[in-house]
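Please look over the sequence and the model below before reading on. The paragraphs that follow move from a pocket to the helices around it.

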Amino acid sequence: MKEKREAEIVRNILLGEVRLYGDLVREYQGPVYNLMLRMTGDADVSADLAQDAFVRAYEKLETFNQRRRFFPWLYTLALNVARDWLRKEGRDRHVFVEDASVMVREQDRRDESRAMNDRLDGAKAFETVMALDPKYREALILRYRHDFTMQEIASTLGIGVSAVKMRLSRGLDMVRHRFDGGSNP
């Protein structure tokens with residue numbers, strides 16, 4: 001969904017066209033649910049937390065800066081919902097492996113045999129990323145899966161831009177090292 005369109009939708013929701021909120025939910029329910037699944041490892045809990053995140057986003061919609069992208073704001077809010085739940089439950093983060101094919105960008109897919117190789121490499125890369133410490137994993141997912149800017153990642157994770165760059169660099173180094181068969185650097 002284009003940023004201007006999202007800003008227009010948010011503006012219209014705030015003016016009373018609440019049914020438009022469903023457009024935002026439909027657009028981002030998958031990424032928010034997947035975030036919850038990565039954080040909790042439980043499908044039912046993830047569905048409930050995703051719903052909680054959208055409800056909380058709706059309640060706080062007037063605090064959204066319409067000059068910014070909606071998804072990073074929503075993602076930050078959803079991440080906080082997941083963290084609150086984890087804190088309340090006293091649970092460590094679990095790792096959930098979703099469809100690894102999503103790690104291969106559409107434009108990088110060429111033909112069936114290449115696509116199969118991409119899927120295998122994508123699965124290995126995804127498993128490698130999912131095995132990382134959550135602070136590196138989330139930074140990599142936000143940057144390379146959701147195309148967040150450095151500033152958006154910094155805002156989402158509540159850290160500085162230099163810390164984001166460090167996490168991405170170290171995360172990529174760990175992935176490269178593990179992908180080549182090594183253990184932790």
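In this predicted model, helix 7 supplies the largest share of the lining of the second largest pocket, with 4 residues. The pocket itself has a volume of about 210 Å³, and its lining consists of Phe64, Asn65, Arg68, Arg69, Pro72, Trp73, Thr76, Gln151, Glu152, Ser155 and Thr156. Helix 4 (70-89) and helix 7 are the elements that give two or more residues to this lining. Sorted by class, the residues around the pocket are 3 nonpolar, 5 polar and 3 charged.

The two helices that contribute to the pocket also pack against one another, for the axes of helix 4 and helix 7 come within 9 Å and cross at roughly 30 degrees. Because angles under 35 degrees count as roughly parallel, helix 4 is described as roughly parallel to helix 7. The contact brings Pro72, Tyr75, Thr76, Leu79 and Arg83 of helix 4 together with Glu152, Ser155, Thr156 and Leu157 of helix 7, and its residues divide into 4 nonpolar, 3 polar and 2 charged. The crossing of helix 4 with helix 7 is right-handed.

Helix 7, which spans residues 150-157, has a further partner in helix 6, residues 134-145, and here the axes lie 10 Å apart at an angle of about 140 degrees. With that angle, helix 6 is oblique to helix 7, and the crossing of this pair is right-handed. On the side of helix 6 the contact involves Glu138, Ala139, Leu142 and Arg143, which meet Met150, Ile153, Thr156 and Leu157 of helix 7. By class, the residues of this contact are 5 nonpolar, 1 polar and 2 charged. Thr156 thus deserves a second look, since Thr156 is listed in the pocket lining, in the contact of helix 7 with helix 4 and in the contact of helix 7 with helix 6.

Returning to helix 4, one can follow its packing against helix 2 (residues 21-40), where the angle is about 35 degrees and the axes are 10 Å apart. Helix 2 passes helix 4 in a right-handed crossing. From helix 2, the residues Leu24, Tyr28, Pro31, Val32, Leu35, Met36, Arg38, Met39 and Thr40 take part, and they meet Phe70, Phe71, Leu74, Tyr75, Ala78, Leu79, Val81, Ala82, Arg83, Trp85 and Leu86 of helix 4. The residues of this contact divide into 17 nonpolar, 1 polar and 2 charged. Tyr75, Leu79 and Arg83 of helix 4 appear in the contact with helix 2 and also in the contact with helix 7.

Conventions:
Residues are numbered from 1 along each chain as its sequence is written. This is a predicted model: local features need pLDDT of at least 70, side-chain atom pairs count only at pLDDT 80 or more; totals for chains, interfaces and linings use all residues. Side-chain values use heavy atoms; hydrogens and water are left out. Axes are lines fitted to C-alpha atoms, for helices over the stretch in contact, and angles run from 0 to 180 degrees between N-to-C directions. Angles under 35 degrees count as roughly parallel, over 145 as roughly antiparallel, 65 to 115 as roughly perpendicular and the rest as oblique. A crossing is left-handed if the near helix is turned anticlockwise from the far one by less than a right angle, and right-handed if clockwise. Contact means heavy atoms within 4.5 Å. Ala, Val, Leu, Ile, Met, Phe, Trp, Tyr, Cys and Pro count as nonpolar, Asp, Glu, Lys and Arg as charged, and the others, Gly among them, as polar. On a 1 Å grid over the protein atoms alone, a cavity is a set of points where a 1.4 Å probe fits but cannot get out, and a pocket is an open set with protein on both sides within 12 Å along at least five of seven lines; lining residues have an atom within 4 Å of a point. Grid points are joined across faces, edges and corners, and a volume is the space filled by probe spheres set on the points.
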